[in-house]
Amino acid sequence: MVQSIAPFPLSRPRRPRQSEALRRLTCEHSLSTADLIWPVFVRDGENARTPVVSMPGVERLSVDLVVRAAEKAARAGIPAICLFPYTDPALKTEDCAEAWNPDNLSNRAIRAIKAEVPEIAIMTDVALDPYNINGHDGFVEDGKIVNDRTVEALVKMTLAQAEAGADIIGPSDMMDGRIGAMRRALEAAGHFDVCILSYSAKYASAFYGPFRDAVGASGALTGDKKTYQMNPGNSNEALRLVERDLSEGADMVMIKPGMPYLDICRRVKDRFAVPTYAYQVSGEYAMIQAAAQNGWVDGDAVMLESLLAFKRAGCDGILTYFAPKAAEFLNR
Ligand code: PBG
């Protein structure tokens, strides 16, 4: 490819950069509202909102306000919303039974959105951490996070979410064998059209800090998640996990966090050519907002540039707390 470029001055790569029109014409990648999945935090109560201190601009919303937010998002062209519950600490137990309660906060929110904003796709989170007394994504026995018993619970959770009307199940737990178990259970229950967007390559990352505040899991968490989430030093392993999840029935795959792992996004897209998503996680959001609030970067420009980077890396979409703000810009 490089050999076909004429030597200077026959070739002057600056030529097509000389006007906005030429720059637009030669642009390879672009961001659109259709690329956005908006993660929102749901809380109890009515007409209630609580700011998440470590995520300026993000609030936990009561179910009625989540419905209004979903409506606004749909109107702005955002195709999907992803729900994360802030669970009352009194409901957190060792057996995590609230996770598959058909009337838990998350499932109530799904029903309410489905009833009033049927055009937006609803994605869920499947993991035990919002319901677990010790903040882990799986059951803890003798200080170990156990796999197979956790998968059984995740299947119950998945079915309750599908029953409530979820369009996309998002397993963020990183247990082994969960995708196959969920897919078989969904098929057996007649939920043939429910998608699974697997958090296939989810790293044990320090960038999740603000999220754990947002869902109230940081105080609860004992130890770290390194026995189930991926080692940040690994890259080939991500390909094996994506391949495994696809073979077990995942429709779409995710890389998480986002910006520090763009190399993984590109490798996954090149290898598998399946719908590929990245999660621009809470810590990434917080860093951009903090720098912007200090006047150290142009927040809006950095937001759009960071989101475009995911498209360039091969992603089909991005989970981002910036979704409503980005949509506002894209709709101008
Ligand atoms: C937990 C979960 C986490 C996130 C999404 N689901 C945190 C974790 O694994 O501890 C992180 C999202 C973010 O940081 O924005 N199952």
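Tyrosine 321 has a relative accessible area of 6% in this predicted model, so with the cut-off for buried at under 20%, it counts as buried. Its partner is tyrosine 285: the two rings form an edge-to-face aromatic pair, with 5.8 Å centre to centre and 65° between the planes. Tyrosine 285 sits in helix H9 (residues 282–293), while tyrosine 321 belongs to the loop between strand S12 (317–320) and H11, so the pair ties together parts that are 36 residues apart in sequence. Tyrosine 285 is buried as well, at 3% relative accessible area.

That's one pair; how many aromatic pairs does the structure hold? The count is ten. Another of them joins phenylalanine 84 and phenylalanine 211, again edge-to-face, with 5.0 Å between centres and 90° between the planes. Here the link is between distant parts of the chain: phenylalanine 84 is in strand S4, phenylalanine 211 is in helix H6 (residues 209–214), and 127 residues separate them. Are these two rings buried or exposed? Phenylalanine 84 has a relative accessibility of 2%, so it counts as buried. Phenylalanine 211 comes in at 13%, and therefore counts as buried too.

Now put the two pairs together. Phe84, Phe211, Tyr285 and Tyr321 belong to one aromatic cluster, which also includes Phe41, Tyr199, Tyr279 and Phe322.

Strand S4 (80–85) gives us a way over to helix H3, since S4 is among the elements that the buried residues of H3 pack against. The others are strand S1 (36–43), helix H2 (63–75), strand S5 (121–123) and helix H4 (148–164). Which residues of H3 are buried? They are Leu105, Ser106, Asn107, Ala109, Ile110, Ala112 and Ile113. As for its geometry, H3 (residues 105–116) runs for twelve residues and spans 17 Å from first C-alpha to last, close to the 16 Å expected at 1.5 Å a residue.

Last stop: helices H10 (residues 299–312) and H11 (residues 323–330). Their axes lie 11 Å apart and make an angle of about 95°. Angles of 65 to 115 degrees count as roughly perpendicular, so that's the label for H10 and H11. On the H10 side, the contact is made by Asp300, Met303, Leu304 and Leu307, and on the H11 side by Lys325, Ala326 and Phe329. Sorted by class, this contact has five nonpolar residues, two charged ones and no polar ones.

Key: Residues are numbered from 1 along each chain as its sequence is written. This is a predicted model: local features need pLDDT of at least 70, side-chain atom pairs count only at pLDDT 80 or more; totals for chains, interfaces and linings use all residues. Side-chain values use heavy atoms; hydrogens and water are left out. Axes are lines fitted to C-alpha atoms, for helices over the stretch in contact, and angles run from 0 to 180 degrees between N-to-C directions. Helices (H or I, at least four residues) and strands (E, at least two) are DSSP runs, numbered from the N terminus. Angles under 35 degrees count as roughly parallel, over 145 as roughly antiparallel, 65 to 115 as roughly perpendicular and the rest as oblique. Contact means heavy atoms within 4.5 Å. Ala, Val, Leu, Ile, Met, Phe, Trp, Tyr, Cys and Pro count as nonpolar, Asp, Glu, Lys and Arg as charged, and the others, Gly among them, as polar. The expected span of a helix is 1.5 Å times one less than its number of residues. Buried means under 20% relative accessible area, exposed over 50%, partly exposed in between (1.4 Å probe, protein chains only). Rings of Phe, Tyr and Trp (its six-membered ring) pair if their centres lie within 6.5 Å; planes under 30 degrees apart count as stacked, over 60 as edge-to-face and the rest as tilted.
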